[in-house]
Amino acid sequence: MEGDTITDLCTPALVVDVDIVKRNAQRMTERFLKMGVQLRPHMKTHKTLECADIMTGGSRRCIVVSTLAEASFYADHGFDDILYAYSVPFDKVERSAALSERLTLFQVLLDHPDALEQLRKRPLRDRRPWHVWLKLDCGNGRAGILHSEPEAMQLAQAISETEGVELTGVYAHCGNTYNCRGIEEIQAVAQETTTFVLQFMDKLKAVGISCKSSIGSTPSCSHPVKDMACLSEVHPGNYVFYDVQQSVIGSCSLEDVAVRVLTRVIGHCPHRNQLLIDCGWTGISLDGAGKLPTGYAMIEGQPNLKLVSMTQEHGRVEPISDMLDHSKYPLGSLLTLIPYHSCATASMHPVYHIHSGGRLVGKWLPARGW
Ligand SMILES: Cc1ncc(COP(=O)(O)O)c(C=O)c1O
């Protein structure tokens, strides 16, 4: 209930500090306002209306989504100028067409001529164009056509020449910043991705094509390089929550992490030198396995505790060194987990409990599905 403290919640519970969320959003907005680059925040981390309002300053315009379920959810609530930044899945062309015909600006992304052919075969009503971003791989090694291959330019030209389709922009996601440690490494990847994209834009210009450009990830947008000012847009998302992973990379400090999972001690196992908690992988996810000395998360204020393993609804906690003093952790007592990866952790929860200074101020309900 509103006004109660977060310690009254049934656990496991995802709690979000709304003051930190607002601070993170404001910093990112101001950073790119100063650089003269449009911030198009990604919704994938939280998938809620309330957080989207914070990230867009209430405009409900200019967002990125990772699923059509998110796109429809936001469209149903008055959002527009939505970019579905996922190589267009052929089974979802019809739903994408419906959104393109309904919204002022719904944009899709592709990286293969066959996807372009799917769009060509499904013209939009009233001679509306499909707004298409070309996805480039600039070293991330996931989706996208390799920026250096002649096929990338050929596909860009084909998009701009296809009837009923418009080349809106070039999109590169520098997810390879997640392998970095420290600002210098982050900025080297940010620079490389920016340079590749800007070189590609020059090549497009040389053949008479002009369109937007966008790169981004939370690490690169937390520490942008100067040349990013030459881009039209950036598209980070995780920054609004941040997490332990981002603090390890060097994107933020632990004070910037807005989310926690509250859990309670539900068992003492002195024969194994362990505690049991009521947070299994359904409460925090298995993301981060083997990455932290403290296990799957950090346990706030308990640097000697490690979340060593989980089953669906149970977690095993043991000391990093020495014997556990079980009397310090009575059954029913609370522990606070700082997630390794907030996108993964948030996706496990149907409700986020929002607080300010530990007092509950509301609930956010995320969109789910694909
Ligand atoms: C295609 C795409 N764009 C943007 C983002 C946002 O990046 P980040 O989560 O680092 O903020 C992601 C994240 O996975 C992504 O996959």
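Begin by selecting C230, which is exposed, with a relative accessible area of 53%. Keep in mind throughout the tour that the model on the screen is predicted.

With C230 still highlighted, add C221, which holds the closest cysteine sulfur to that of C230; the two sulfur atoms are 15 Å apart, too far for a bond. Then move to C252, which is buried, with a relative accessible area of 11%, and show C343 beside it in the selection, since the sulfur of C343 is the closest cysteine sulfur to that of C252, yet at 12 Å it is too far for a bond. A disulfide would need two cysteine sulfur atoms within 2.5 Å, and by this rule the count in the model comes to 0 disulfides.

Next, leave the cysteines and select the ligand, which sits in the largest pocket. If you display the residues around the ligand, you will find 13 of them, and those that come nearest are R142, Y171, Y178, T218 and G237. By class, this shell divides into 4 nonpolar, 7 polar and 2 charged residues.

Now look at individual contacts, starting with the side chain of Y178, where an N or O atom is 2.5 Å from an oxygen atom of the ligand. From there go to G237, and show its backbone, because here it is a backbone N or O atom that lies within the 3.5 Å limit for a polar contact, at 2.6 Å from an oxygen atom of the ligand. Continue to N238, where a backbone N or O atom lies 2.9 Å from an oxygen atom of the ligand. To finish, switch on the surface of the protein around the ligand: the protein covers 93% of the 380 Å² of accessible area that the ligand has on its own.

Note on methods:
Residues numbered from 1 in each chain as written. Predicted model: local features only at pLDDT ≥ 70, side-chain atom pairs only at ≥ 80, totals over all residues. Heavy atoms only, no water. Near = heavy atom within 4 Å. Polar contact = N/O pair within 3.5 Å; in protein donor to acceptor, adjacent residues only side chain to side chain. Areas by Shrake-Rupley, 256 points an atom, 1.4 Å probe, with all protein chains shown as cover. 1 Å grid on protein atoms, 1.4 Å probe; cavity = no way out; pocket = protein on both sides within 12 Å on 5 of 7 lines; lining within 4 Å. Sits in = over half its atoms within 2 Å of the grid points. Nonpolar A, V, L, I, M, F, W, Y, C, P; charged D, E, K, R; others polar. Buried < 20%, exposed > 50% of the residue type's maximum accessible area, 1.4 Å probe, protein only.
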